[in-house]
Each structure stands twice: as structure tokens, then as C-alpha cells.
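User: I would like to go through this structure step by step, with the reasoning spelled out for a first-year student. Could we begin with the ligand and then move on to the pocket and the rings?

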Amino acid sequence: MNIILIGPPGAGKGTQAKFITQKNNIPQLSTGDMLRYNVANKTSLGISAVKFMDAGELVPDNLILDIMKERLKNDDCEKGFILDGFPRTTIQADGLQAILNELNIKIDYVLVLSVEDDVIVERMGGRRLHPASGRVYHIKYNPPKKSGFDDITDEKLIIREDDQEATVRKRLKVYHTQTKPIIDYYEPYNIVYKIDGNNMIESIKNEIDDILN
Ligand code: AP5
Ligand code: MG
């Protein structure tokens, strides 16, 4: 089962990807998590990417396609994968298609989560992240068992650098201009499912379960 998750920043892609991973035993490939790992470890990719991320802009397509080309060839992708936050431009969608052709596989589902911009700005202020696993929490809508700490490892949660309101608004603008158009790219294949991301986390989870079953 090969899935693409599309949605604005804060739509709940990471939250839902974790549920899909648990239920279907396929990996979540989040380009955002991969980039943050590289930034934290000061790799050359991280050093090139951080200025774009902090500005709420997209990291150049060639850097993203280079990492995904390698990642999709990993053995753990053989049973399927969830692409979280990739592709994000038509150039990335074309690049992904070339990689899939080479591997002789296709995308089965494109799940599009939509949420209004103002709801997102409010949500992002309450997000907390466990950087090592990519697990996300919300102080109000999805709180950890112990405030400020990850449920599983008990390690400290952080606030993402790019979750300040001005940066979130910039990321939303980038989503509307550069990423939303790729939904049309997949429409002709009849694999696009539109989901109301304003609903409760649990009800979105159930809706996605129904689609994938
Ligand atoms: P990335 O990490 O992918 O960020 P994003 O797409 O902006 O999305 P987020 O991770 O912010 O949100 P999400 O949809 O995962 O929501 P979440 O589940 O956390 O990218 C970061 C940056 O990296 C980009 O700006 C760019 O610079 C770079 N980058 C990454 N990929 C790239 C690419 N392919 N090309 C170029 N550059 C790239 O939920 C958000 C919060 O809301 C949480 O607190 C959660 O608990 C809560 N929540 C979730 N669902 C609900 C709900 N239904 N109701 C109430 N609260 C909810
Ligand atoms: Mg995410």
C-alpha cells in the first residue's frame, strides 16, 4: 500500500501517518523529519536546508529528490510506505514518478487533509514534538500523559523553530501556491481522497481506515 499524504502545515499529516504506520506496518517517510534530523546533526544537507526551513520556504527540489531516491529503495519500503510532506511541488511529483517507474511501483492513495488557515495558526501554537521519533502532541487536542514529555520514552518535547505565527503564515502561502496544485496532478488516476481535517483526530483516523480498507 503506497500512500501520499497532502495537506497544509499543521493539517495533521504526521499525526495520521503514525496511526497508518501502526495499523498497516509500513514506514512513514516524512521529508520534514528527515530534514530536521540533518539540521540537528549539522550534516551538509542540514546546513543547506536550515535557512529555507526557518524562513518557512521550501528546500530546493534537487536536495529533496536526492534523499527520497535513496530512501524509497530501502528494503522497509517493499510492503509500502506513507509519503508525509513529499511531493510538494510539480517538479517533485515528476521526480517521484520517475523513481516509481524505475522501481516498477505505483501510488495507491493520495489522501488530502484540508483545514482553514486560521485554525492552523491556532493549532501550531500548541504543538509539541518528540524529535527523535517524530511523534506530535498538542497541549489541548492531543496532550501527552505527562506535560512536556514523550509518552513512550519520557524524553523532553520541543517546540519547532518554524511554528511561530509569522513563519506558519509564510508556510501556508507556500502550500497554497506551490503544493496544492499537485492535487490536480493525481486527479486523473482516481486515487485522490479529500478529508476534512477540521474534524477530531480520532474521527479522521477512522475515516482514513475506511478508505484504506
Ligand atoms: P514538514 O515537517 O513537512 O511540515 P509541514 O508540512 O509544514 O507540516 P507539519 O509537520 O507542520 O504539520 P502536519 O500536517 O504534520 O501536522 P501535525 O500532525 O504535526 O516540513 C517542514 C519544513 O521542511 C518545510 O517548511 C520545508 O522548509 C521543509 N520541507 C519538508 N518537506 C519538504 C519537501 N518535500 N520539499 C521542500 N521542502 C520541504 O499536527 C499539527 C498539530 O495539530 C499537532 O500539535 C497535532 O497534535 C494537532 N492536530 C493534528 N490533527 C488535529 C485535529 N484533527 N484536531 C486538532 N488538533 C490536531
Ligand atoms: Mg508533520
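User: Which element gives the most residues to the shell around ligand 1?

Analyst: This is a predicted model, and what follows is computed from it. Several elements each supply at least two residues of the shell around ligand 1, including helix H1 (13–24), helix H6 (117–125), strand S6 (135–138) and helix H9 (201–212). With four residues, the element that gives the most to this shell is H2.

User: Into what classes do the residues of the shell around ligand 1 divide, and how many are charged?

Analyst: There are 36 residues around ligand 1, and among those that come nearest are Thr15, Glu57 and Arg127. The shell divides into 15 nonpolar and twelve polar residues, and the number of charged residues is nine.

User: How much of the accessible area of ligand 1 does the protein cover?

Analyst: Consider first the polar contacts: an oxygen atom of ligand 1 is 2.6 Å from an N or O atom in the side chain of arginine 88, and a polar side-chain atom of arginine 160 lies 3.0 Å from an oxygen atom of the ligand. The backbone takes part as well, since a polar backbone atom of glycine 14 is 2.9 Å from an oxygen atom of ligand 1. Of the 1000 Å² of accessible area that ligand 1 has on its own, the protein covers 97%.

User: Which element gives the most residues to the lining of the second largest pocket?

Analyst: This pocket holds about 590 Å³ of space, and of the 27 residues that line it, Asp33, Arg36, Tyr37, Leu129 and Pro131 are the closest to its centre. At least two lining residues come from each of H1, strand S2 (28–30), H2 and helix H3 (44–54). The element that gives the most to the lining, with six residues, is H2.

User: How many residues in the lining of the second largest pocket are nonpolar?

Analyst: The lining can be divided by residue class, with six polar residues and eight charged ones. The nonpolar residues in this lining number 13.

User: How many residues apart in sequence are the parts that the pair of tyrosine 109 and tyrosine 193 ties together?

Analyst: A search of the whole structure finds two aromatic pairs. One of them is formed by tyrosine 109 and tyrosine 193, whose rings are 5.8 Å apart centre to centre, with 45° between the planes, and this pair is tilted. Tyrosine 109 lies in strand S4 (residues 109–114) and tyrosine 193 in strand S7 (residues 192–196), so the separation in sequence of the parts tied together is 84 residues.

Methods: Residues numbered from 1 in each chain as written. Chains lettered and ligands numbered in written order. Predicted model: local features only at pLDDT ≥ 70, side-chain atom pairs only at ≥ 80, totals over all residues. Heavy atoms only, no water. Near = heavy atom within 4 Å. Polar contact = N/O pair within 3.5 Å; in protein donor to acceptor, adjacent residues only side chain to side chain. Areas by Shrake-Rupley, 256 points an atom, 1.4 Å probe, with all protein chains shown as cover. Nonpolar A, V, L, I, M, F, W, Y, C, P; charged D, E, K, R; others polar. 1 Å grid on protein atoms, 1.4 Å probe; cavity = no way out; pocket = protein on both sides within 12 Å on 5 of 7 lines; lining within 4 Å. Points joined across faces, edges and corners; volume = space filled by probe spheres on them. Phe/Tyr/Trp six-rings, centres within 6.5 Å; stacked < 30°, edge-to-face > 60°.
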